[in-house]
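Let's walk through this one together, from a single side chain out to the overall fold. Keep the viewer open as you read.

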Amino acid sequence: MTSPALKERRPQPAASSLETDTYTAIPANSQPSSQSIQPETERPELQLRHYLLTVPGIPKTEHCGDTLQRFRNDQQMPCVAVCDEHNIPLALVMREQFYRRMASRFASELYYARPTSRFSQPEPLIMQISDDPAVVVDAALARQGEAFYECVLLTDQGKLVGVITIRDLMELSRHLQARSEQQRVRSLQQSGGFVQQIAEAVQTVSGAARQTSQQLLSIKERTISGHQQLHEASHSFQQAQRLVNHQRVQAEQMLEQTVQARKVVDDVAELAGQSSMLALNASIEAARAMQAGRGFAVVASEMRLLSERITAMSSDIGRLLGNLNGMIGQSAESSQTAERTMDDSMNRIQQADQLFAEMASSADAATEQAEQLRNTAGTASRLTMLVMQELERQA
């Protein structure tokens with residue numbers, strides 16, 4: 001029940017034993033195959049197949065004499081496995097331990113006709129050929145006593161495919177450690193690259209925070225300047241508002257004066273009419289007096305002419321006062337409109353002034369946050385440098 005050889009291994013130095021020579025890592029008659037071991041740098045991953053050593057599986061009924069003859073025929077075979085009829089391993093027979101038992105003076109009479117399985121290790125370490133090499137190494141190195149030096153039986157779907165020796169386990173452990181160290185170094189290098197990128201990003205953030213802080217200071221200065229200019233404009237607007245209000249009041253007062261003047265003109269026109277009636281009556285009375293009333297008739301005629309002129313002038317003055325009244329009314333309405341517009345503009349100026357104040361306050365808060373961000377970025381940069389130095393030290 002032997003399995004086909006899978007690998008060719010380098011011959012190992014011989015060690016003294018009962019027959020002055022012992023096994024090597026692989027049978028000397030093994031031939032190179034397509035699965036020959038590749039250098040560590042060429043293998044994508046370590047597998048148990050790279051260290052597999054083919055050994056025979058013997059039945060439980062095989063005698064010690066036959067097993068001894070197997071070992072004599074193959075000086076490099078480290079062990080044999082006791083298997084059932086389905087090639088499932090049951091026990092392990094190590095070459096050195098078997099030779100020690102067969103080296104006694106009466107071994108041939110005592111043991112040669114007995115089953116080899118009676119001198120086997122009944123609980124060998126059995127692992128799957130597909131198991132993780134690190135798991136196999138940990139399980140093998142965890143064994144105690146003489147079991148530490150026993151081979152590990154490798155199976156595929158429960159059937160024996162070969163063994164791996166403790167020496168090859170040590171070599172596999174060394175390769176695993178070397179690969180783990182390489183992976184650690186690569187991880188450190190990658191981490192260093194990531195930390196370098198983080199450091200560059202932190203420096204970028206720090207520079208951006210510095211520029212933001214400077215820009216915020218400039219915005220604050222401009223906001224304060226705009227606030228002052230807006231305050232001056234508000235003061236000028238208030239003065240203009242007072243002037244417009246004063247003009248409106250004056251226009252209303254002038255409107256009242258024109259109304260009173262119109263009443264006076266109406267009174268003058270009424271007096272002129274009464275004077276004209278008196279002059280007409282005087283003319284009539286002078287005509288009745290004939291010669292004696294001629295002088296009085298002349299005076300009455302002049303009074304009538306003066307009354308007519310006063311009436312005409314009163315009419316003109318009334319028309320002018322009416323026009324002036326309309327113009328003053330329009331001026332008063334314009335002043336009221338201007339006053340309402342200026343009130344609305346004043347409200348907007350006050351809102352803008354409040355907005356400038358809020359902008360200045362926000363600029364202060366943003367400047368403080370930018371400074372905190374800058375300080376945090378500085379701290380992160382120092383920590384990043386410490387991490388990089390530690391990674392370089394570990395590498």
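Is Gln97 buried or exposed? With a relative accessibility of 18%, Gln97 counts as buried, where buried means under 20% relative accessible area, exposed over 50%, and partly exposed in between (1.4 Å probe, protein chains only). You'll find Gln97 in helix H2. Helices here are DSSP runs of H or I with at least four residues, strands are runs of E with at least two, and both are numbered from the N terminus. A quick word on the source: this is a predicted model, where local features need pLDDT of at least 70, side-chain atom pairs count only at pLDDT 80 or more, and totals for chains, interfaces and linings use all residues. Residues are numbered from 1 along each chain as its sequence is written, and side-chain values use heavy atoms, with hydrogens and water left out.

So what does Gln97 touch, once you set aside its neighbours within four places in sequence? Its contacts (heavy atoms within 4.5 Å) are Gln121, Glu146 and Glu150. Take Glu150: 53 residues separate it from Gln97 in sequence, yet their C-alpha atoms are 9.7 Å apart in space.

Gln97 has buried company in H2, which covers residues 95–102: Arg95, Phe98, Tyr99 and Met102 are buried as well. The buried residues of this helix pack against helix H1 (64–73), strand S2 (79–83), strand S3 (89–94) and helix H3 (107–111).

Stay around there and look at the loop between S2 and S3, where Asn87 sits. Asn87 isn't a glycine, but its phi is positive, near 65°. Asn87 is also buried, because its relative accessible area is 17%.

Now for the sheet. Three strands make up an open sheet in the order S4-S5-S6, with mixed pairing; two strands pair if DSSP finds at least two bridges between them. Strand S4 (126–128) and strand S6 (159–164) are at the edges with a single partner strand each, so each has one side without a neighbour in the sheet. From one strand to the next, the twist averages 35°, using axes that are lines fitted to C-alpha atoms (for helices, over the stretch in contact) and angles that run from 0 to 180 degrees between N-to-C directions. Strand S5 (residues 152–156) runs antiparallel to S6, and 5 bridges join the two. If you want a spot to zoom in on, Leu154 has Gly162 in S6 as its bridge partner.

The loop between S5 and S6 holds Gln157. Like any residue worth a second look on a Ramachandran plot, Gln157 is not a glycine but has a positive phi, about 55°. Is Gln157 buried or exposed? Gln157 counts as exposed, because its relative accessibility is 75%.

Next, the charged pairs. Side chains of opposite charge can pair when their charged atoms come close. Calling a salt bridge a side-chain nitrogen of Lys or Arg within 4 Å of a carboxyl oxygen of Asp or Glu, the count comes to 2. One joins Glu62 and Arg70, at 2.9 Å from N to O. Glu62 is buried at 9% relative accessibility, whereas Arg70 is partly exposed at 29%.

The other salt bridge links Glu181 and Arg184, whose closest N and O atoms are 2.6 Å apart. Both of these residues are in helix H5 (residues 166–289), 3 residues apart, or about one turn of the helix. An α-helix has 3.6 residues a turn, so residues three or four places apart point the same way. Glu181 is partly exposed at 36% relative accessibility, and Arg184 is partly exposed at 33%.

H5 itself has 124 residues and spans 174 Å from its first C-alpha to its last, close to the expected 184 Å; that expected span is 1.5 Å times one less than the number of residues. Right after H5 comes Met290, with a positive phi near 55°.

Zooming out, the protein has 6 helices and 6 strands, in the order β-α-β-β-α-α-β-α-β-β-α-α along the sequence. Of its 395 residues, 34% are buried. Among contacts between residues at least 6 apart in sequence, 75% join residues at least 24 apart.
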